[in-house]
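Got your viewer open and the selection box ready? Let's take a walk through this one, stop by stop.

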Amino acid sequence: MRKFSEHFLWGGAVSANQCEGAFREDGKGLSTADLLCRETYGKDELELSLNPDYYYPCHTAIDFYHTWRADLCLFAEMGFKCFRLSVPWSRIFPNGDDEEPNEKALRHYDELFDECRRLGIEPLVTLSHCEMPVALLRKYGGWKNRTLIDLFARYAETMFTRYREKVKYWITFNEINFIFMKGFLYQNGGVLLRPGDSLKELQYQVAHNQFVANAKCVKLCHEIIPGSYISAMMEAAIAYPPTCSPEDVLLAQKSNQEYTYAYLDVLLKGEYPYYWRKRIREEQLSVDMREEDFRILKEGTGDYIPFSYYMSRMPVDLCKVDLSNNSGRAVFENPYLKTSQWGWSIDPAGLRIVANDFYTRYAKPLFVVENGLGARDILTEDEKVHDDYRISYLREHIRQLRLAVDDGVEILGYTTWGCIDLVSQSTGEMSKRYGFIYVDLNDDGTGTQKRYKKDSFYWYQRVIGSNGEDLGEAL
Ligand code: BG6
């Protein structure tokens, strides 16, 4: 049986808004994530101001902006070969369109990337992970405005130039296909929904503008950092047909075209598929797409497919899913699968299916940049966290990944989501924990912020130490 390659990048992933805190420090501008709180998570309509009566989890988060040195040491102790993190656009350009970048922020990441390298950890950097400067929303209305394409490319160019010697792996946009999930127009597109707006038109416009921005960045990155890997990232939640009736199979196919393949086609082939163009035409959606855009898309195709994998799904219209149950995402009943405490289906074999599917269609190397189980952990009196459920979840997914490798799929690495506990992206809770490291912080912001190693910490250390050979006993 084929093994993981000796260069396989084992590690973990976080995003800035969910872990850094320090939301006003060192010249950082206000970011769209800074306005999220219990009252606003999952909404596309909100006030662009802070309410002193509300608690905003991202303002302090797990304080990673200050604790990163010690936290990186813990990652190194687990044997990480790779650490995926994001940089907030609002740290580098506080208003998004400032004349000069913020030198203090650039220096901060200089130090962080240097330390990663010193510890033998390859940084993988996301340029846009569910946040952007609020000023860009106020001034231009967010990603529905084409002006953002060049502003983003300028931010990216600043990053590539500054860190050309330090960072080889890049992601432009986190889960670029998430824009079609209800409630993510604001988080992913920096756009507010106003009465009378066509949600669909806005979603298509944001997607198009981000595609063009992505392609520009890919081209720039190739010019500035030869040998780099760059693309936008996908949420890989493939729809299964509910039954084997041809109608259901067609339904699943259409859902996958709409939510997954169309994106991958633009990112990797540089062109819109026929069904996407047909929909825009037939539904008479007014989307500003220009001749020059299509040339740019062709010139900037990605080198790899970074994706998150949490679950498989059913072919439902993601625009209409009700998120009011606080699951943070559309949940789907599949009688063959168990679910997490938040109702997300647990489908390890789906990871192998997705990996084969993507590789068959696009023949580009894959990188699993997010996978993990959000669960309520208990810190015992003797300061332990017995998270056997997390070990079991990760073990089964890694087992399926190994099978995908054996199938012949090229996979560059695997970074688990939220390698240290952090704020949930969809609900703002701390109690939805993913980490190998427990952070003493509660949903209301109380807690000591102290770090504790969970059982999974030692387990993952063994997995990495054996390059994925020792997955421990099956539970
Ligand atoms: C991914 C996001 O969609 O899912 C992460 O890229 C997020 O930012 C992760 O944290 C898990 O989702 P949640 O809502 O449980 O935090």
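Start with the sheet: nine strands make an open sheet, ordered S5-S4-S3-S2-S1-S11-S10-S7-S6, with parallel pairing. Its edges are strand S5 (229–231) and strand S6 (234–235), each of which pairs on one side only. Bear in mind as you go that this is a predicted model.

**Stop 1: strand S1**

Select residues 9–13. Is strand S1 enclosed by the rest of the structure or open? Five of its five residues are buried, so S1 is largely enclosed by the rest of the structure. Now look at the two faces: Leu9, Gly11 and Ala13 sit on one side, Trp10 and Gly12 on the other, and all of them are buried.

Next, bring up the neighbours. Strand S11 (residues 411–417) pairs with S1 in the parallel sense, over five bridges. Strand S2 (residues 82–86) also runs parallel to S1, joined to it by three bridges. Glycine 12 is a handy residue to click here: in S11 its bridge partner is threonine 416, and in S2 its bridge partner is phenylalanine 83.

**Stop 2: strand S2 and on to S3**

Slide over to 82–86. S2 is mostly covered, with five of its five residues buried. Show the side chains and you'll see Cys82, Arg84 and Ser86 pointing one way, with Phe83 and Leu85 pointing the other; all are buried.

Add residues 122–128, which are strand S3; S2 and S3 pair in the parallel sense over five bridges. Which residue of S3 is the bridge partner of serine 86? Pick threonine 126 and you have it.

**Stop 3: the S6 edge**

Jump to the edge strand S6 and add strand S7 (residues 305–308). These two pair in the parallel sense over two bridges. Methionine 234 stands opposite phenylalanine 307 in S7.

**Stop 4: phenylalanine 75**

Off the sheet now, to helix H2 (residues 64–78), which is where phenylalanine 75 sits. Its relative accessibility is 0%, so phenylalanine 75 counts as buried. Draw a distance from its C-alpha to that of leucine 119: the two are 44 residues apart along the chain, and the separation is 9.3 Å.

**Stop 5: two helices, H8 and H9**

Select residues 199–224 for helix H8. From first C-alpha to last, its 26 residues reach 37 Å, close to the 38 Å expected at 1.5 Å a residue. H8 is mostly covered, with 19 of its 26 residues buried.

Now put helix H9 (residues 246–269) on screen. This one has 24 residues, but its end C-alpha atoms are only 29 Å apart, short of the 34 Å that a straight helix would reach at 1.5 Å a residue. Where does H9 bend? Centre on glutamine 257, where the bend is about 50 degrees. Right after H9 comes glycine 270, with a positive phi near 75 degrees.

**Stop 6: some loop residues**

Glycine 196 is in the loop between helix H7 (185–189) and H8. With a relative accessible area of 83%, glycine 196 is exposed. Stretch a C-alpha to C-alpha line from glycine 196 to leucine 441: they are 41 Å apart in space and 245 residues apart in sequence.

Then go to the loop between helix H10 (274–282) and helix H11 (291–299), and pick glutamine 284. Its phi is near 50 degrees, a positive value in a residue other than glycine. Is glutamine 284 buried or exposed? It counts as exposed, because its relative accessibility is 67% and the cut-off for exposed is over 50%.

Asparagine 467, in the segment after helix H14 (455–465), is worth a click too. Here again phi is positive, about 50 degrees, although asparagine 467 is not a glycine. Its relative accessible area is 21%, so asparagine 467 is partly exposed; buried would need under 20%.

**Last stop: a cavity**

Turn on your cavity display. How many cavities of 30 Å³ or more does a search of the whole structure find? The count is six. Go to the second largest, which has a volume of about 90 Å³. It is lined by 15 residues, and those closest to its centre are Ser128, Cys130, Gln187, Asn188 and Gln210. Colour the lining of this second largest cavity by type and you get five nonpolar, eight polar and two charged residues.

Notes: Residues are numbered from 1 along each chain as its sequence is written. This is a predicted model: local features need pLDDT of at least 70, side-chain atom pairs count only at pLDDT 80 or more; totals for chains, interfaces and linings use all residues. Side-chain values use heavy atoms; hydrogens and water are left out. Helices (H or I, at least four residues) and strands (E, at least two) are DSSP runs, numbered from the N terminus. Buried means under 20% relative accessible area, exposed over 50%, partly exposed in between (1.4 Å probe, protein chains only). The expected span of a helix is 1.5 Å times one less than its number of residues. The bend at a residue is the angle between axes fitted to the seven residues ending there and the seven starting there. Two strands pair if DSSP finds at least two bridges between them. On a 1 Å grid over the protein atoms alone, a cavity is a set of points where a 1.4 Å probe fits but cannot get out, and a pocket is an open set with protein on both sides within 12 Å along at least five of seven lines; lining residues have an atom within 4 Å of a point. Grid points are joined across faces, edges and corners, and a volume is the space filled by probe spheres set on the points. Ala, Val, Leu, Ile, Met, Phe, Trp, Tyr, Cys and Pro count as nonpolar, Asp, Glu, Lys and Arg as charged, and the others, Gly among them, as polar.
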